[in-house]
Each structure stands twice: as C-alpha cells, then as structure tokens.
Amino acid sequence: MSKHTITLTVNGNEFTREVESRTLLVHFVREDLDLTGTHIGCDTTSCGACTLLVNGRAIKSCTMFAVQANGAAVETIEGVAQNGDLHPLQEGFWEKHGLQCGYCTPGMIMSAKQLLEQNPNPTEEEIRWGISGNLCRCTGYNKIVEAIQYAAAKAREGQTEAGGEEASS
Amino acid sequence: MIPGQFDYHAPTSLDEAVALLGQHGGAKILAGGQSLIPAMRFRLALPEVLIDINGLADLDYIREAVGHLAIGGLTRESALEESAAVQSRYPLLADTARVIADPLVRNLATVGGNLAHADPANDHPAAMLAYNAQVVAHGPQGTRTIAIDDFFTGLFENSLADDEILTEIRIPEPGAGAGGAYLKVERKVGDYAISAVAVQLAMSGDSVSAARIGLTNVSPVPMRASGAEQAVVGQRLTEEVLEAAGRAAAAECDPSADLRGSVDYKRDLTRVLTKRALRKAAERAAGGTS
C-alpha cells in the first residue's frame, strides 16, 4: 500500500495529511477534513454532486485522487460564504427556490461559481451549458437557472456600486 | 466504490516518467483520469502502479506550428474550447471538444488520454482519423511519430510501446477550400455517442478533392469510413452522392446492439449523420472557415 503526505489549502486553510494513494478527493474532503457539504451522488462521474474547485476549475472530486491535489488550492461549498454573508449564488438559490431536496446544490453552486468567474454575464443557454455536468432530479433546472441569473445580476450590481464609490471618492 | 491499492509516482520530467514506465511493467499513466479512475472504481482496471504525469506542465499547450496545429498530450479538453486558433481554424475539433462528456469532466480530461485510451466510444479518435493527425510518442529511444491510421490496434489498444508516452498530437493545417464537421447523437449530455461522424473535406470548386471520415462508437476499433470517402471524392455533393456515402458508411460500420440502440438503428443513424456532416463540412469549406 502506498501512502503519501500531501499539503494543500482548502478554503484558504492549509492542511497536511497522510493519505492512501487510492483515496479519492471527495472522501478526503468529507472524511479526513470533515467537510461534508460536498456530496457523493452517483460515484460514477455522472451527477456532479461532488463538484468542487481545484485551482479555480470545477471538477468532479469522485474522479480525482486526493494525492493529486498535493499543492493545490481547493474550494468547497463551505468556503463560499464570506464572514457569515451568503455568496450571491447562495442568495440566488434561496431567493429563487433553486433547490428542493438540496442534494445537488453544493455541486451546482460550485459549477456556477466557475462559470460566473469566467463569464460574469452568461446567457441562459450558457448557464444551462455550464451546469450540464450537474444533475438535479427535483427542480427541472428552471429555478436553478434563475438562481444563477440572480447571482450574476447581483454580482454586476455590486461591481457597479463598488465602481461608483471608487469614482466618487 | 473505492479503487484497489496501487503505488503512486508523480514524476516531474518526461524522462523520469519514461524511466518509471520502464521500471514498473504494467504501470498505467494517470493523465486526466476521467476514464481510468471510473474504471478503477469499478475494479475493471487494477493497475499496481500509477504514474501521474499531471506535473509535466510543459505537455500542456496548443501551438500553431508551420503546417500543423500542435496539441500537447496533457492539454485539457476545456483548453480546446477556449482556444481561438481551434475555434476559428479547426471547426471539426471545436465541434468535438464541445460534446466530450460534460464541462466538469473536460476541465480534467486530456486530449492525449482520450486518444491513448483507444476507446471507439471516445470522440477524438474519429476526429483525428478525419484530420489525418499524427501522434508523437516519447520513449527511452527518443521520439517517434505515428500516423493516426496506424495508432488504433484494438479495443483499448494502441501502438504505443509499454514505455512510451503520447506527448503531442499534430493536426495538418487545413488548406484553402477545406472544411470539417463533427456530428454526434447522444442520449444526454455526458453520454457516449449512439453514433457520431467526423468529416474533413477539401473542395475544389464544387467538387470534393479529398475526404476523410471517422466514425465513433459503431465499431470495436475506431475506424474510417473508407467506402463513404470513396463515394464523395471527385464528386459534387448532390443528394444522390450524399445518400451513396451515407449508405456506404452504414454498411461498413460494425455496431453492437446495446442500451443505446439496435444494430439497424445505429447503422441508419450513421447513414444520416454521415450525410449531414458532409453537407456541413462542405458549407464550411464554401464559407471560408476551414
């Protein structure tokens, strides 16, 4: 059996742990770090419930070994809210009823986070394309798309305000 | 589902990776891992040693070279979607990159892995067959180039030696009057093709001067539709010629019945997709986007 010591940051905090080579990143995050917001759905690289960000890219953490994340910056759903304030995406899912059972939600939010970071003003089609690796069995997706549109609008609004303040100061 | 145990190595140079392959018979290369790790979770693959090449960042590139596009073996599928060169000058490749698995998988999956896995259900084999691409392999004896027609030797089998690594894919630059397209029918996003057809054409006026056609997931080994190619070369793409090409592709493919459909259905789908992909490739050739 091959064991390895890895050091990585998760939600900005550095961790050093010993892992078995075969430990999947999703198991490491949930069981070693106790961050259980990242879900396991299908375990077959299909559903996207386990989506998190590795170096800013949304990936399925059931399809990456923890040892591969050595040196990486990982972000999970637990790191999305800042200082107790919901992220615009979390607020959007709340306001627009973007979830029913909620199982897919952490993965949806992490996929949407990468999408909005790359494309702050996506069309509906681009949103649907961006979350096409994430399955939801409750909502029929419309409310999720609306939640992401809400977040995009909110983020743009925030930027305009910030820009305005800067200009006036 | 947890994979079996294995030893893990993360080399930091290509030569180190090749040396590790030489030391560990039966070792597998871990690139994007989007086919290998699912197979390991099901214990369909039980490699004793994995050699993780994700640290070889110098294998991650898309470069326009003289006469060809060079794609590093470790280039992520998502990079194809983001490449201006691919999007503007290699539409067959751009079509293909959009329909491989889903965006999350494409953030990790590599072009080299998609080819080296030699799965007839993967999308790049047909596209690269249509492009007449070359595969560059690096081993202890140095570097050699393999024509794509000689690369796929069986189901999940390729012509790389055990101690060689696929380092680059070279796609000949389409000339004036060239056009390509990839059309895929899948049950849902992320699924393998029921059938898919890759076409790369060179047009001379209204006539086809050269054609290569690759088929996805309708044969045990990635294949060219040679009969369909012969049906269009030297011809204008009239409805009769398109139908003849479609029927040739339907006859020469060798699909298996499975959850995605019957043999007859897959053959007929291949006929229709061949016609449509030929038409789209010719439209693009006429429109000036190769």
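**Figure 1. Strands S3 and S5 of chain A pair in the antiparallel sense.** Strand S5 of chain A covers residues 73-75, and 2 bridges link it to S3(A). Two strands count as paired if DSSP finds at least two bridges between them. Helices (H or I, at least four residues) and strands (E, at least two) are DSSP runs, numbered from the N terminus. Val54(A) has Val74(A) in S5(A) as its bridge partner. The model is predicted: local features need pLDDT of at least 70, side-chain atom pairs count only at pLDDT 80 or more, and totals for chains, interfaces and linings use all residues. Residues are numbered from 1 along each chain as its sequence is written, chains are lettered from A and ligands numbered from 1 in the order in which they are written, and side-chain values use heavy atoms, with hydrogens and water left out.

**Figure 2. An open sheet of 5 strands in chain A has mixed pairing.** The strand order is S2-S1-S5-S3-S4. Strand S2 (13-20) and S4 of chain A are the edge strands, each pairing on one side only. On average, neighbouring strands are turned by 40 degrees against each other, direction ignored. Axes are lines fitted to C-alpha atoms, for helices over the stretch in contact, and angles run from 0 to 180 degrees between N-to-C directions. Helix H1 (residues 25-32) of chain A lies across strand S1 (3-10), S2, S3 and S4 of chain A. H1 runs at about 115 degrees to S2(A). Helix H3 (residues 105-118) of chain A also packs on the sheet, touching S3, S4 and S5 of chain A. The direction of H3 makes about 40 degrees with that of S3(A). Contact means heavy atoms within 4.5 Å.

**Figure 3. Domain 1 (3-79) and domain 2 (88-168) of chain A meet.** Domain bounds come from an automatic or database domain assignment. The C-alpha centres of the two domains lie 22 Å apart. Domain 1 of chain A gives 18 residues to the contact, and domain 2 of chain A gives 14 residues. Together the domains bury about 1300 Å², 55% of it on carbon and sulfur atoms. Buried area is the accessible area (1.4 Å probe) that two parts lose on being put together, summed over both. In domain 1 of chain A, His39(A), Thr51(A) and Ile77(A) lose the most area to domain 2 of chain A, together 35% of what that side buries.

**Figure 4. Glu75(A) and Lys113(A) form a salt bridge.** Their closest N and O atoms are 2.9 Å apart. A salt bridge is a side-chain nitrogen of Lys or Arg within 4 Å of a carboxyl oxygen of Asp or Glu. The interface of domain 1 of chain A and domain 2 of chain A has 1 salt bridge by this rule. The two domains also share 7 residue pairs in polar contact (both at pLDDT 80 or more). A polar contact is a pair of N or O atoms within 3.5 Å; within protein, one must be able to donate a hydrogen and the other to accept it, and residues adjacent in sequence count only if both atoms are side-chain atoms.

**Figure 5. Chain B touches chain A.** In this contact, 34 residues of chain B face 32 residues of chain A. The two chains bury about 2600 Å² between them, 58% of it on carbon and sulfur atoms. Tyr8(B), Arg41(B) and Leu104(B) supply 24% of the area that chain B buries against chain A, more than any other three residues. There are 2 salt bridges across the interface. Arg57(A) and Glu82(B) meet in a salt bridge through their side chains (3.0 Å, N to O). The count of residue pairs in polar contact is 14 (both at pLDDT 80 or more).

**Figure 6. An open sheet of 5 strands in chain B has antiparallel pairing.** The order is S4-S5-S10-S6-S7. Strand S4 (62-65) and strand S7 (142-147) of chain B stand at the edges with a single partner strand each, so one side of each is left without a neighbour in the sheet. Strand S6 (residues 134-139) of chain B pairs with S7(B) over 6 bridges. Val135(B) has Ile146(B) in S7(B) as its bridge partner. Helix H1 (residues 14-23) of chain B lies across S6 and strand S10 (165-172) of chain B, at about 120 degrees to S10(B).
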